[in-house]
Structures are given as structure tokens and as C-alpha cells.
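Student: I am new to this structure and would be grateful for a close look at a single part of it. Please describe how two of its helices are placed against each other, and then what may be said of the strands.

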Amino acid sequence: MKFICDGLTLSEAVLKVSKACAVRTTAPIMECIKIKADCDAVNFLATDGELSIQKTVKAEVFEEGEICVPGKLFADFIGKLSEEEISVSTEEKGVKIQYRDSASYIQSLNAEEFPKINLEVGENSFVMKQSALKKVIAETAFCCAQDDSRPILKGCLLEFKEVLSVTALDGYRLAYSEAEILSKSGEQSIICPARTLGEISKMLTEEDGEITVYTQGGLLLVRSDGMTVVSRLYTGDFIKRENVIPSKFSTSVTVSKSELTASTERAAILIRGDKNNLVTFEIGGNAVKISSVSDYGNVAESVSSETEGLDLGISMNAKYLLDALKGLEEEKVTLSFNGAISPFILQNANKKESLYLILPVRNAQ
């Protein structure tokens, strides 16, 4: 195998693909990027068994062939040569990288050892605007669980019916958002790893462009601009959001998002590092009083509001509240409550396509 490629093009390709290389594995081949030179293009492929990323770039191919190289190491090395024209070839020592008047070698593995990846997923699909898919991912995926205690919660529930609806939760908070689908083949519900959705989001660069998402046999596939992402889907029963989100509320307040965010951020400074990261709301009249207390001092501020229903005192994790506020797009937001120990929700005051639910924290003070 031998090809010549622009350094920046090569660097960007291997950096994207290396995101799928396995770490802390006993199988060295899973840490590799598979390089295949064919005709006038070079294909880069990596997988960790759950997520697979493929990127194809144009190159001047002198000798066709394929080889595997350590992914992270290769990506880091090529990243330092982004301004050079690079020649990559195979020799007995491994992969030879030539640039200017210099040459370096990186060990390689036989490409036949690399696992087979199914790149022909296409039984079911839906089409939507890239900007719409990017938006719903940004509004939900951050609420997925980070640990392995309940693996299914590390993914988002995607339901493509009349619209695409996305649900994520980690046991303490829930995010929901929906977006228009332009077309679809059938209706389906899948649970996609949040990590996969993050990589897909990075592919979505055309504001008015369209994207097709394919599913088949427990796999999801997305293609865009010479790049393909394939992911295994989680199986199991996802929590039904209609059983979690209240339909009636005893207290509702509409406030300025920017004012509430700024006040909560100031209150959160004093409790930084505390286990519960606790801020307290006192709701009554036409104001929400925000406070926090720690060994360093206390904060007490007031934000004007439009209030309906019962007066209320409630405490919550400041980070969860700020994450939800960041996910809402309108300047006016509405918070709805059912007492001090029941879950509450946040929504835009007008557009209701997205919603955040947060569990309160019992304040021992």
C-alpha cells in the first residue's frame, strides 16, 4: 500500500475516526485504525465494538492495499504534520510515513484481524433537517447516565412517528425534545448510545441540509460528507415518560431565563464542591427568592416572576437546573411544581417542544 495525501485532510480524517478506537482492551486490534487504499481514495475505519466510524478521503494512490495502525498514536503523530504533504506506505518495519526529507515508522497489524463492520444498514429510515437533529441531540443527550449501573440509561430513546421525539434520563432528571421529520419508512423506537449521538452531532454542519438515519437489526447508521457512523443500539425497556411527567401542577412561575440563570450561577459559587450542590427557591407573590448556604457564606437574591397557584419552598441541584435552563431557547421560561418533594418541570414559556424534569432534594436545614 502506498498513497500521498494532504496533511490537513489526512489529520482531520484520522482524528475523527480515532474517536471510535477502543481503550483499555486486551485485543490490540481494537485500538487500531484500519487503512485501505483503493483507486483514488483512502478509507479509514475504527471500532470499539459498539461505535464504528469510517471516513473516506481523496488521495493519490500508487499501490492499493490495507493495514492496521495504532489509532490514537497514529492520529497524534499525523496531527503534527497537518501542514505537510504526506506519503504513507507499508514496509517490513511497519507503516512508513514520509514528509519533507524525513521518514518515520509506526508498527502495524494485519488488516485481516480487524473485525467485520456491517455498513449496509438500511431497513428503516427517517429524513430530517440537519439543524433539527443537531438541536434535539443538544437538548437531551447531556441528561443520559454516565455510569454502567443501568446501561440502558446511557442512551436516548428515539421514537420516529409523526415527529422525532427524543428522551434521556439519568435517574435524577429527564430531558425531552421533539423535531419535525421530513419523511420516514415505517415507525420505530430505538435506544441509541449518547456517545453515538454526540459523534453524529459533530457531522451535522449544513444548516439547511438534510440527513438520513438508517436502522436495521439492532444497528444505526448515518452517512454525511464521506463519513459513516455505525452504532449498536441498546435493548430493553426504557422508562415511559408519560408515567413520570406530571399532567397537573399546583404552582407555576414564569421568569426571565437570563435573570434566573445569572442568580442561580451566583448562588452556586458558594456551594461549589458540596455533595448536593443545593440551591433553594422560595416562591410567592410576584417573585422567586433564590438562596444557598455553605461554610463560606450565603447568597439570597430575588427574581421577579408571574406566579400562579400555591406558595412553595423547594431545593434542587444547581447544576441540573442550570443545564436545563441552558437547553431552553426562549427568554421567558416556565417552571411548574407539585410541592417540595415532587418532580418539577421547566419549559419554554411558548414553544413546548422540549421539556426538562428534575427531582428536588430534601433540604435538611
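**A pair of helices and a run of strands**

Tutor: In this predicted model, helix α5 (residues 257-270) packs with helix α6 (residues 318-327) at an angle of about 155°, and their axes lie 10 Å apart. Angles over 145 degrees count as roughly antiparallel, and therefore α5 is roughly antiparallel to α6. The crossing of these two helices is left-handed. On the side of α5, the contact is made by K257, L260, T261, T264, E265 and A268. From α6, the residues A318, L321, L322 and L325 take part. By character, the residues of this contact of α5 with α6 comprise 6 nonpolar, 2 polar and 2 charged.

The strands may be taken next. Strand β1 (residues 2-6) and strand β7 (residues 85-91) run antiparallel and are joined by 5 bridges. Within this pairing, I4 has S87 of β7 as its bridge partner. Strand β7 also pairs with strand β8 (residues 94-99), again in the antiparallel sense, over 5 bridges. Here V88 has I97 of β8 as its bridge partner. A hairpin of 2 residues leads from β7 to β8. Thus β7 has bridges both to β1 and to β8. As a general point, the side chains of a regular strand alternate between the two faces of the sheet.

How values were computed:
Residues numbered from 1 in each chain as written. Predicted model: local features only at pLDDT ≥ 70, side-chain atom pairs only at ≥ 80, totals over all residues. Heavy atoms only, no water. Axes fitted to C-alpha atoms, helices over the stretch in contact; angles between N-to-C directions. Helix = DSSP H or I, 4+ residues; strand = E, 2+ residues; numbered from the N terminus. Parallel < 35°, antiparallel > 145°, perpendicular 65-115°, else oblique. Left-handed = near helix turned anticlockwise from the far one by under 90°. Contact = heavy atoms within 4.5 Å. Nonpolar A, V, L, I, M, F, W, Y, C, P; charged D, E, K, R; others polar. Pairing = 2+ DSSP bridges.
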